[in-house]
Amino acid sequence: MVYDIVVYPDRRLKIVSEEVMVFDDNLHMLLDNMYETMIVKNGVGLAAIQIGISKRVLIVNIPIDSDENDAQSQPKDNTLEIINPIITYRSEEMKKFQEGCLSIPGFYEDIERHAMVTIEYQDRYGKKFTIEDDEFLAVALQHEMDHLDGKLFVEKLSYMKRKKFEKEWKKRDK
Ligand code: CO
């Protein structure tokens with residue numbers, strides 16, 4: 001099932017999501033539907049709050065072929081299903097990557113993030129894992145984890161860039 005995406009400035013995007021306590025069929029269905037939704041909407045990541053569900057659940061799937069966003073370049077088996085993530089290490093070194101967000105469609109901007117992060121999380125069965133990355137996955141994880149705390153990448157823009165974005169966004173809203 002494909003969900004509608006919650007789009008900025010919907011206030012639900014500001015909600016701090018709640019920890020998942022039960023790793024049951026409902027959670028698995030949610031994850032499966034989130035994957036379907038992400039593929040249909042051409043994303044590389046999705047947090048549950050982006051479909052209006054305030055649970056600490058996110059998925060990331062970095063395309064094998066970086067030019068394509070579809071089921072072939074992002075097979076389900078390659079999907080990282082991340083529940084209740086915690087960042088246990090952040091490098092001091094920062095890196096800039098161009099980011100976008102399914103909740104802010106059509107807007108892209110360079111954002112500074114920690115170059116490397118280590119994250120502890122649970123899978124769909126509640127099993128604990130650690131993941132470490134210093135490439136685009138690290139950026140995607142930081143972006144999606146911000147969603148769980150009600151934060152969006154546009155909040156990291158400079159004052160001037162944010163003002164420009166808000167102006168442009170209002171125009172296209174009409
Ligand atoms: Co996003």
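This section describes a central helix of a predicted model, its cobalt site, its salt bridges and its two largest pockets. Because the model is predicted, local features were taken into account at a pLDDT of at least 70 and side-chain atom pairs at pLDDT 80 or more, whereas totals for chains, interfaces and linings use all residues. Residues are numbered from 1 along each chain as its sequence is written, and side-chain values rest on heavy atoms, with hydrogens and water left out.Helix H2 is called central here only for its place in this account, and no position in the fold is implied beyond its burial. Helices are DSSP runs of H or I of at least four residues and strands are runs of E of at least two, both numbered from the N terminus. H2 comprises the 13 residues 136-148, and at 1.5 Å a residue (the expected span being 1.5 Å times one less than the number of residues) it should span 18 Å, which agrees with the 19 Å between its end C-alpha atoms. Because 12 of these 13 residues are buried (under 20% relative accessible area, with exposed meaning over 50% and partly exposed in between, for a 1.4 Å probe and protein chains only), the helix is largely enclosed by the rest of the structure. Among the buried residues are Leu137, Leu141, His143 and His147, and Ala138, which lies in H2, has a relative accessibility of 0%. The helix is followed by Gly150, whose phi is positive, near 75 degrees.

H2 also contributes to the metal site. The protein donors of the cobalt ion are Cys101 through SG and both His143 and His147 through NE2, lying 2.0 to 2.3 Å from the ion; donors are N, O and S atoms within 2.8 Å of the metal (3.2 Å for Na, K and Ca), and since water is not among the atoms, sites may look incomplete. Along the chain these donors follow the spacing C-x41-H-x3-H. Cys101 lies in the loop between strand S4 (94-99) and strand S5 (109-114), whereas His143 belongs to H2, so the pair ties together parts that are 42 residues apart in sequence. Both donors are buried, Cys101 with a relative accessible area of 8% and His143 with one of 7%.

A search of the whole structure finds 10 salt bridges, each defined as a side-chain nitrogen of Lys or Arg within 4 Å of a carboxyl oxygen of Asp or Glu. In one of them, Arg124 pairs with Glu81, with 2.8 Å between the closest N and O atoms. Because Arg124 lies in the loop between strand S6 (117-122) and strand S7 (128-133) and Glu81 in strand S3 (residues 80-90), this pair ties together parts that are 43 residues apart in sequence, and Arg124 and Glu81 are both buried. A salt bridge also joins the side chains of Arg113 and Glu99, at 2.8 Å from N to O; it links distant parts of the chain, with Arg113 in strand S5 and Glu99 in strand S4, 14 residues apart, and both residues are buried.

In a further salt bridge, Arg162 meets Glu166 with its closest N and O atoms 2.8 Å apart. These two residues are 4 residues apart in helix H3 (residues 159-173) and are therefore separated by about one helical turn, while Arg162 counts as partly exposed, at 24% relative accessibility. Salt bridges that share partners join Asp32, Lys76, Glu81 and Arg124 into one network.

Pockets were sought on a 1 Å grid over the protein atoms alone, a pocket being an open set of points where a 1.4 Å probe fits, with protein on both sides within 12 Å along at least five of seven lines, and lining residues having an atom within 4 Å of a point. The largest pocket has a volume of about 390 Å³, and of its 22 lining residues the closest to its centre are Val44, Glu99, Gly100, Cys101 and Tyr108. The largest share of this lining, 6 residues, comes from H2, and its residues divide into 10 nonpolar, 10 polar and 2 charged. The second largest pocket has a volume of about 290 Å³ and is lined by 14 residues, of which Ile87, Arg90, Gln142, Asp146 and Lys151 lie nearest its centre. S3, S5 and H2 each supply at least two residues of this second lining, which by class has 3 nonpolar, 2 polar and 9 charged residues. In these counts Ala, Val, Leu, Ile, Met, Phe, Trp, Tyr, Cys and Pro are nonpolar, Asp, Glu, Lys and Arg are charged, and the others, Gly among them, are polar.

Technical notes
Grid points are joined across faces, edges and corners, and a volume is the space filled by probe spheres set on the points.
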